[in-house]
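User: Could you walk me through this model, starting with how the terms are meant?

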Amino acid sequence: MPADMKHIIASAFVDMTREKGIDKITVKSLIDACNISRQTFYYHFQDIMEVIEWAVEQATKSTLARGLEAETPEDALSVLITSATENGTLIRRLLDSQKRAQIEKLFVQASRTFLQEFIRNRPQKLSLNYSDMEVALDFWAFGISGLLLKYSEQDHIDAKALACQIYQLLPGKIENNPK
């Protein structure tokens, strides 16, 4: 059995989602697509929602890694926006499901994780105490998630321009210290 079975299952799920809505994907159809047993699926995941959560978590980690390589916060936001627009069809399929509320929460959490880790891993001058930072992260995560979900519906978007517009809403809050 391949060591990366979670990735294989999640990839098959993503491929199936691009073809049809997630409400039509069952554990049976997923295990058939992966050519695995039901026992193997349940060894790695409890249900389809856990597959979605794991796939979003992996995408967030990948996007964060690229965002941390960015020169500026605007460039990091551009990475996040580009990732969302590149996966627009997948995002729309996920949102068109009966699990929309859960999917939206996942996107907010992914945006919050991205922002929190970006701030934590870059030398920053922050003018917020811990309590205020928690509220600010939630505020920014909900706002950015809403914009990402809205713009994921468009075929073409200028990620850099949108990133600059979003960053303008965060004046003086996330400033890079000279390295």
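Analyst: Helices and strands here are DSSP runs numbered from the N terminus, a helix being H or I over at least four residues and a strand being E over at least two. This is a predicted model, in which local features need pLDDT of at least 70 and side-chain atom pairs count only at pLDDT 80 or more, while totals for chains, interfaces and linings use all residues. Residues are numbered from 1 along each chain as its sequence is written, and side-chain values use heavy atoms, with hydrogens and water left out.

User: OK, so how many helices and strands does the protein have?

Analyst: The protein has nine helices and two strands, and from the N terminus the order is α-α-α-α-α-α-α-β-α-α-β.

User: And Asn-35, which loop does it lie in?

Analyst: Asn-35 lies in the loop between helix 2 and helix 3, the latter spanning 38–44. Its phi is positive, about 60 degrees, although Asn-35 is not a glycine. Most residues other than glycine have a negative phi.

User: Is Asn-35 buried or exposed?

Analyst: Asn-35 counts as exposed because its relative accessibility is 72%; buried means under 20% relative accessible area, exposed over 50%, and partly exposed in between, with a 1.4 Å probe and protein chains only. Of the 179 residues of the protein, 44% count as buried.

User: What does the UniProt annotation "DNA-binding region" cover?

Analyst: In the unreviewed UniProt entry, that annotation covers residues 26–45; UniProt positions follow the numbering used here, feature names are shortened, and annotations may be inferred rather than shown by experiment. In the model, the span 26–45 is 75% helix and 0% strand, with its end C-alpha atoms 13 Å apart.

User: Switching topic, which residues have the most contacts inside the largest nonpolar core?

Analyst: Those are Ile-9, Phe-13, Leu-30, Phe-41 and Ile-52, in a core of 56 residues. A nonpolar core is a set of buried Ala, Val, Leu, Ile, Met, Phe, Trp, Tyr and Cys residues joined through side-chain atoms within 4.5 Å. Among the elements that give two or more residues to this core are helix 1 (5–19), helix 4 (48–68) and helix 7 (100–121).

User: What is Phe-13 in contact with?

Analyst: Leaving aside neighbours within four places in sequence, Phe-13 is in contact (heavy atoms within 4.5 Å) with Ile-22, Ile-25, Leu-30, Ile-48, Val-51, Ile-52 and Leu-94.

User: And Leu-95, where does it lie?

Analyst: Leu-95 lies in helix 6 and counts as buried because its relative accessible area is 5%. With neighbours within four places set aside, its contacts are Arg-100, Ile-103, Glu-104 and Leu-149. The C-alpha atoms of Leu-95 and Ile-22 are separated by 9.2 Å, although these residues are 73 apart along the chain.

User: Last thing, what volume does the largest pocket have?

Analyst: Its volume is about 620 Å³, taken as the space filled by probe spheres set on grid points that are joined across faces, edges and corners. On a 1 Å grid over the protein atoms alone, a pocket is an open set of points where a 1.4 Å probe fits, with protein on both sides within 12 Å along at least five of seven lines, and lining residues have an atom within 4 Å of a point. Of the 29 lining residues, the closest to the pocket's centre are Ala-55, Val-56, Ala-59, Thr-60 and Asn-87.

User: Which helix gives the largest share of that lining?

Analyst: Helix 4 does, with ten residues. Ala-59 lies in helix 4 and counts as partly exposed because its relative accessibility is 39%.
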